[in-house]
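I opened this entry to record what I looked up in one model. The notes follow in the order in which I made them.

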Amino acid sequence: TAGYIITSFFQMIMTKRRFSLLKKGTIAIQGVYRGYAQRRVLSVVKIQAYIRMQYKRMIYLKIKPATIMLQCWQRSCAAKDILVVLKKTRELENQKVICTDRETRDRLENEEEDVIMPIKQIINLESEYD
């Protein structure tokens with residue numbers, strides 16, 4: 001019976017060692033496969049991100065000229081408005097020189113203020129966008 005106990009003890013130790021070796025090998029294989037799967041997923045994500053970036057860039061490049069055209073149109077409209085106002089002020093200044101009576105001069109000064117206010121508003125709007 002003592003031989004049987006010793007033999008079963010060694011068999012248990014050998015079985016335990018074999019099991020632990022198999023367990024370590026299985027864990028190593030799982031780690032290698034999980035790393036491979038993770039790298040594969042990361043590469044797919046990188047490819048997807050690149051494709052999304054190219055798509056967004058293509059849309060941006062299509063929109064950019066239209067945006068520049070709209071900005072140009074808006075700025076030209078603002079410049080035309082300023083030009084009209086400046087022409088009016090020049091006309092008012094020319095009229096100021098001509099008129100000599102007090103009432104006409106006061107009326108022209110009030111009109112001048114009405115003309116200058118939109119210029120100040122346009123200048124303020126332009127400074128907000130810069």
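Before sorting residues, I fixed the terms: buried means under 20% relative accessible area, exposed means over 50%, and partly exposed lies in between. With a relative accessible area of 43%, Phe9 therefore goes down as partly exposed. I note here that the model is predicted.

**Overall make-up**

I looked up the secondary structure and found 2 helices and 0 strands in the protein. Helix H1 covers residues 2-98, and Phe9 has its place there. I then checked burial: of the 130 residues in the protein, 9% are buried. For the surface I noted about 12,000 Å² exposed by the protein, with 64% of it supplied by carbon and sulfur atoms.

**Nonpolar patch**

Which residues form a nonpolar patch on the surface? I listed Ile6, Phe9, Phe10 and Met12, which together have about 420 Å² of accessible area.

**Aromatic pairs**

How many aromatic pairs does the structure hold? I counted 2. The first I wrote down joins Phe9 and Phe10, whose ring centres are 6.0 Å apart. Their planes stand at 70°, and planes over 60 degrees apart count as edge-to-face, so I entered the pair as edge-to-face. Both Phe9 and Phe10 also belong to the nonpolar patch noted above.

Tyr33 and Tyr36 form the other entry, an aromatic pair at 6.1 Å centre to centre. I put the angle between the planes at 45° and the pair down as tilted. Why are Tyr33 and Tyr36 separated by about one helical turn? I traced this to their spacing, because they are 3 residues apart in helix H1. For Tyr36 I recorded a relative accessible area of 40%, so Tyr36 is partly exposed.

**Cysteines**

I searched for disulfides and found 0 in the structure. Why do Cys72 and Cys77 not form one? The sulfur of Cys72 has its closest cysteine sulfur in Cys77, 9.6 Å away, which is too far for a bond. The cut-off I applied is 2.5 Å between the sulfur atoms. Looking from the other side, I found that the closest cysteine sulfur to that of Cys77 is in Cys72, at 9.6 Å.

Are these two cysteines buried or exposed? I entered Cys72 as exposed, at 52% relative accessibility. Cys77 has 27% relative accessibility, so I entered Cys77 as partly exposed.

Note on methods: Residues are numbered from 1 along each chain as its sequence is written. This is a predicted model: local features need pLDDT of at least 70, side-chain atom pairs count only at pLDDT 80 or more; totals for chains, interfaces and linings use all residues. Side-chain values use heavy atoms; hydrogens and water are left out. Helices (H or I, at least four residues) and strands (E, at least two) are DSSP runs, numbered from the N terminus. Buried means under 20% relative accessible area, exposed over 50%, partly exposed in between (1.4 Å probe, protein chains only). Accessible areas come from the Shrake-Rupley method with a 1.4 Å probe; for residues, only the protein chains shown count as cover. Patches are made of residues with over 30% relative accessible area and no salt bridge: like charges are joined within 9 Å, nonpolar side chains (Val, Leu, Ile, Met, Phe, Trp, Tyr) within 5 Å. A salt bridge is a side-chain nitrogen of Lys or Arg within 4 Å of a carboxyl oxygen of Asp or Glu. Rings of Phe, Tyr and Trp (its six-membered ring) pair if their centres lie within 6.5 Å; planes under 30 degrees apart count as stacked, over 60 as edge-to-face and the rest as tilted.
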